[in-house]
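Here are my notes on this model, point by point. Please read them with the structure open.

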Amino acid sequence: TALPTFATLSGSTTDAVPIDDGPCVCTTRVLALIFGRCVSGVACGCATVVVPMYLGEISPPQLRGSLGTAFQLTMVLAMLIAQVLGLEHFMGTPSLWPFILALVCFPAALQLLLQSWLLESPRWYVMAGMEVPAEDILMQLRDTPIDDPQLQEELFCMVEACAEVSSAGPVTGLHSHVPSPLGSHHAHPGMPSPHGPANGRSDSGELHNMKGVGRRSRTLASLLFDPSLRLPMALAVGLMFVQQWSGINNAFNFSSLFLSQNNIDDETIMWIAVSMNVGNVIITALSVYLMDRAGRRVLVLGSMASMIIATGMLTAALVMPGHSWTAPLAVVSVVAFVASFGIGLGPIPWLLPAEVFGMDERAAASGFVASCNWVANFFAGQIFLPLSNALGGLSFLPFGGVLVIGLFVFSVYMPETRGKSLEQIRQEMRQISMS
């Protein structure tokens, strides 16, 4: 962030470096801007993988949907702030726009200052074979004592899930106490009886690490060829492609173009674009409230259905410009399209990978799914203008077709994950994939 900001504020506009003796001239300032944006892009790409995964691992089942959707909420809120600051009324001037880039330094610096408050994922500790830190972290996250039954059940499920996927088989070398609330006959082999010390510690007062239970993350190749991961991989990747091929970014990026075709002046178009982002923030905030009440399946299917209707309305406005009703219809359809996206298809694709993959699968799978999202984003943006030139007002219909296919497929295959533990979801996915 600092590099492109400094580059745009310093240097001379004449420090140009010719490229291939052609008309293209690239200044060192532009090169610095491009390089800085590439570095920022890599960092943002990493964040889109790590943050939803981290939130999914530390959240209790009853709040996982809301907290996971908060990731999407912060993204759309930041988009709105950046858009408003970019207006001519604020910082969208030749002298002030570079400072918009510098503003990113403040949240980044704040995150660095508060990193000591950032707790490690307890599931990562369990996967690494360290139950003591996992138990301590869970106590802090849940704000409960060590002998709380729900805390011990949650930790037990993590240990059991890790043991099931471990090549070592049953838990061995486990000296700490992780009682099962279902009784001693449900305790995992190799674990002490739940009637042991009440505080979860060994008689010597010391917990030992789980020797032999720790498991490394799986490679991407092993995930892609694992039959038990067919369903979760197809759901996660499919939702990412439907999200990007729904036409949402084209609605944002090219709304000015088709609104101007309906004789709407530039000032009105600008405020419509701002209103679209305001509506996106409001609807995403509503989805935070609904995610753990209505459920993921209902919201994502309802989102797709509403976007299909909005696509039809927008297409009607684009193929019949010039009428008195087409301009209002274009505005209503675009706003409805964005609002429908924000309620389900916007946040849920980022939330789902953290829920449907196991502890040792989550890192590689989340990275692959996020990469698929960005690839789909790139191609969706590249083909829209040629598609628009070829189809004219019908240019959104192919994206509507993607939504129709997605609605049918996910209505058949997408299960509900609301209120279930990550281990329970993974077990159900494994059973469905192998059936």
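1. Start with Trp-325. This is a predicted model. Trp-325 sits in the loop that runs between helix H14 (296-319) and helix H15 (326-345). Is Trp-325 buried, partly exposed or exposed? Its relative accessibility is 38%, so Trp-325 counts as partly exposed; the cut-offs are under 20% for buried and over 50% for exposed.

2. Trp-325 has nonpolar company on the surface. Together with Val-319, Met-320, Leu-391, Leu-394 and Leu-397, Trp-325 makes a nonpolar patch of about 490 Å². Val-319 is the last residue in the range of H14 (296-319). Leu-391 closes the range of helix H17 (362-391).

3. Now the overall composition. The protein has 435 residues, and 44% of them are buried. Its secondary structure amounts to 19 helices and 2 strands. About 20,800 Å² is exposed, with 67% of that supplied by carbon and sulfur atoms.

4. Sequence separation deserves a look. Take the contacts with a separation of 6 or more: 74% of them join residues 24 or more positions apart. Two C-alpha pairs can be checked by hand. Gln-62 and Asp-292 lie 230 residues apart in sequence, yet their C-alpha atoms are 6.5 Å apart. Met-158 and Trp-124 are 34 residues apart along the chain, with 9.7 Å between C-alpha atoms.

5. More on Gln-62. Its place is the loop between helix H2 (28-58) and H3. Gln-62 counts as exposed because its relative accessibility is 52%; the cut-off is over 50%.

6. Met-158 is a useful probe of the interior. Met-158 belongs to helix H8 (residues 149-165). How accessible is Met-158? The relative accessibility is 0%, so Met-158 counts as buried. Which residues does Met-158 touch beyond its neighbours within four places in sequence? The contacts are Pro-122, Arg-123, Val-126, Leu-138, Met-359 and Glu-423.

7. Charge pairing comes next. Side chains of opposite charge can pair when their charged atoms come close. The whole structure holds 10 salt bridges. One of them joins Asp-226 to Arg-218, with 2.9 Å between the closest N and O atoms. Asp-226 has a relative accessible area of 15% and is therefore buried. Arg-218, at 18%, also counts as buried.

8. Arg-218 has another partner. Its side chain meets Glu-361 in a salt bridge, N to O at 3.5 Å. This pair links distant parts of the chain, 143 residues apart. Arg-218 is in the loop between H8 and helix H9 (220-224), while Glu-361 is in the loop between helix H16 (348-356) and helix H17 (362-391). Both Arg-218 and Glu-361 are buried. Through shared partners, salt bridges join Arg-218, Asp-226, Glu-361, Arg-426 and Arg-430 into one network.

9. A further salt bridge is worth listing. Glu-428 pairs with Lys-420, the closest N and O atoms being 2.9 Å apart. Glu-428 has 27% relative accessibility, so it counts as partly exposed.

10. There is also a cluster of like charge. Glu-88, Asp-265, Asp-266 and Glu-267 form a patch of negative charge on the surface. Where is Glu-88 placed in the fold? Glu-88 lies in the loop between helix H3 (64-85) and helix H4 (97-102). Its relative accessible area is 66%, so Glu-88 is exposed.

11. One backbone angle to check. Asp-143 has phi near 55°, a positive value in a residue other than glycine. Asp-143 lies in the loop between helix H7 (131-142) and H8. With 71% relative accessibility, Asp-143 counts as exposed.

Notes: Residues are numbered from 1 along each chain as its sequence is written. This is a predicted model: local features need pLDDT of at least 70, side-chain atom pairs count only at pLDDT 80 or more; totals for chains, interfaces and linings use all residues. Side-chain values use heavy atoms; hydrogens and water are left out. Patches are made of residues with over 30% relative accessible area and no salt bridge: like charges are joined within 9 Å, nonpolar side chains (Val, Leu, Ile, Met, Phe, Trp, Tyr) within 5 Å. Accessible areas come from the Shrake-Rupley method with a 1.4 Å probe; for residues, only the protein chains shown count as cover. A salt bridge is a side-chain nitrogen of Lys or Arg within 4 Å of a carboxyl oxygen of Asp or Glu. Lys and Arg count as positive and Asp and Glu as negative; His and the chain ends are not counted. The place of a charge is taken as NZ of Lys, CZ of Arg, CG of Asp or CD of Glu. Helices (H or I, at least four residues) and strands (E, at least two) are DSSP runs, numbered from the N terminus. Buried means under 20% relative accessible area, exposed over 50%, partly exposed in between (1.4 Å probe, protein chains only). Contact means heavy atoms within 4.5 Å.
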